[in-house]
Amino acid sequence: MGDKLLTLEEWAEAIYGKHRPNLDTLRRWARQARIYPPPEKHGCTYFVVPTARHVDPNKPVAIPTKQPANGSLVERIRGKTA
C-alpha cells in the first residue's frame with residue numbers, strides 16, 4: 001500500500017510545527033499547485049502524502065539535463081560527432 005494521506009493541517013503541523021501557515025494559505029497553495037506531489041481533494045478536504053513539499057514558483061528547481069554522449073542530434077545527423 002502507499003503512504004497514509006494527511007490532511008493539510010496535519011501535514012503543515014508535521015513540516016512547520018507550531019509556525020505553520022494558516023489553513024487559508026494551505027488551501028491556496030493546494031489550488032495553485034504549490035505543493036508537490038499535488039494534494040488530492042476528497043469532498044471539501046485536501047489530502048497530501050507525508051513527503052509532500054511546498055514549491056516556490058519564484059525559485060524554480062534546476063533539472064539536470066543529460067547531454068548525449070555522441071553530441072547533439074543535429075551533429076549526429078550531419079556526421080559531426082563531438
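A residue counts as buried when its relative accessible area is under 20%, so threonine 7, with 16%, is buried. Keep that cut-off in mind while you look around this predicted model. The protein has 82 residues, of which 20% count as buried. Its secondary structure consists of three helices and five strands, and along the sequence they run β-α-α-β-β-β-β-α.

**Overall picture**

- The accessible surface of the protein adds up to about 6800 Å², and carbon and sulfur atoms own 54% of that area.
- Take the contacts between residues at least 6 apart in sequence: 45% of them join residues at least 24 apart.

**Threonine 7, a buried spot**

- You'll find threonine 7 in strand β1, which covers residues 6-7.
- Leaving out residues up to four places away in sequence, threonine 7 touches Thr45, Tyr46, Phe47 and Val48.
- Threonine 7 and glutamate 40 sit 33 residues apart in sequence, and their C-alpha atoms are 9.6 Å apart in space.

**The positive patch**

- Which residues gather in a patch of positive charge on the surface? They are Arg27, Arg28, Arg31 and Lys41.
- Helix α2, residues 23-31, gives the most to this patch, contributing three residues.
- Lysine 41 belongs to strand β3, which spans residues 40-42.
- Lysine 41 has 51% relative accessibility, and because exposed means over 50%, lysine 41 counts as exposed.

**The salt bridge**

- Side chains of opposite charge can pair when their charged atoms come close.
- How many salt bridges does the structure hold? There is one.
- The partners are glutamate 13 and arginine 20, with their closest N and O atoms 2.4 Å apart.
- Both ends of this salt bridge have some access to the outside: glutamate 13 is partly exposed at 40% relative accessibility, and arginine 20 is partly exposed at 42%.

**Arginine 34 and histidine 54**

- Arginine 34 sits in the loop between α2 and β2, the latter being residues 35-36.
- With a relative accessibility of 27%, arginine 34 counts as partly exposed.
- Histidine 54 is part of strand β5, residues 53-54, and counts as partly exposed too, at 28% relative accessibility.
- How far apart are arginine 34 and histidine 54 in space, C-alpha to C-alpha? The distance is 5.7 Å, although the two are 20 residues apart in sequence.
- Arginine 34 touches Trp29, Arg53, His54, Val55 and Pro57, if you skip residues up to four places away in sequence.
- Counted in that way, histidine 54 touches Trp11, Tyr16, Trp29 and Arg34.
- Trp29 therefore turns up in the contact lists of both arginine 34 and histidine 54, where a contact means heavy atoms within 4.5 Å.
- Tyrosine 36 is another residue to look at here: its C-alpha atom is 6.4 Å from that of histidine 54, with their positions 18 residues apart along the chain.

**Backbone oddities**

- Most residues other than glycine have a negative phi, and most peptide bonds are trans.
- Alanine 33 is not a glycine, yet it has a positive phi of about 55°.
- Where is alanine 33 found? Look in the loop between α2 and β2.
- Alanine 33 counts as exposed, with 59% relative accessibility.
- The other backbone feature to check is the peptide bond from tyrosine 36 to proline 37, which is cis with omega near -5°.
- Proline 37 itself has its place in the loop between β2 and β3.

How values were computed:
Residues are numbered from 1 along each chain as its sequence is written. This is a predicted model: local features need pLDDT of at least 70, side-chain atom pairs count only at pLDDT 80 or more; totals for chains, interfaces and linings use all residues. Side-chain values use heavy atoms; hydrogens and water are left out. Patches are made of residues with over 30% relative accessible area and no salt bridge: like charges are joined within 9 Å, nonpolar side chains (Val, Leu, Ile, Met, Phe, Trp, Tyr) within 5 Å. Accessible areas come from the Shrake-Rupley method with a 1.4 Å probe; for residues, only the protein chains shown count as cover. A salt bridge is a side-chain nitrogen of Lys or Arg within 4 Å of a carboxyl oxygen of Asp or Glu. Lys and Arg count as positive and Asp and Glu as negative; His and the chain ends are not counted. The place of a charge is taken as NZ of Lys, CZ of Arg, CG of Asp or CD of Glu. Helices (H or I, at least four residues) and strands (E, at least two) are DSSP runs, numbered from the N terminus. Buried means under 20% relative accessible area, exposed over 50%, partly exposed in between (1.4 Å probe, protein chains only).
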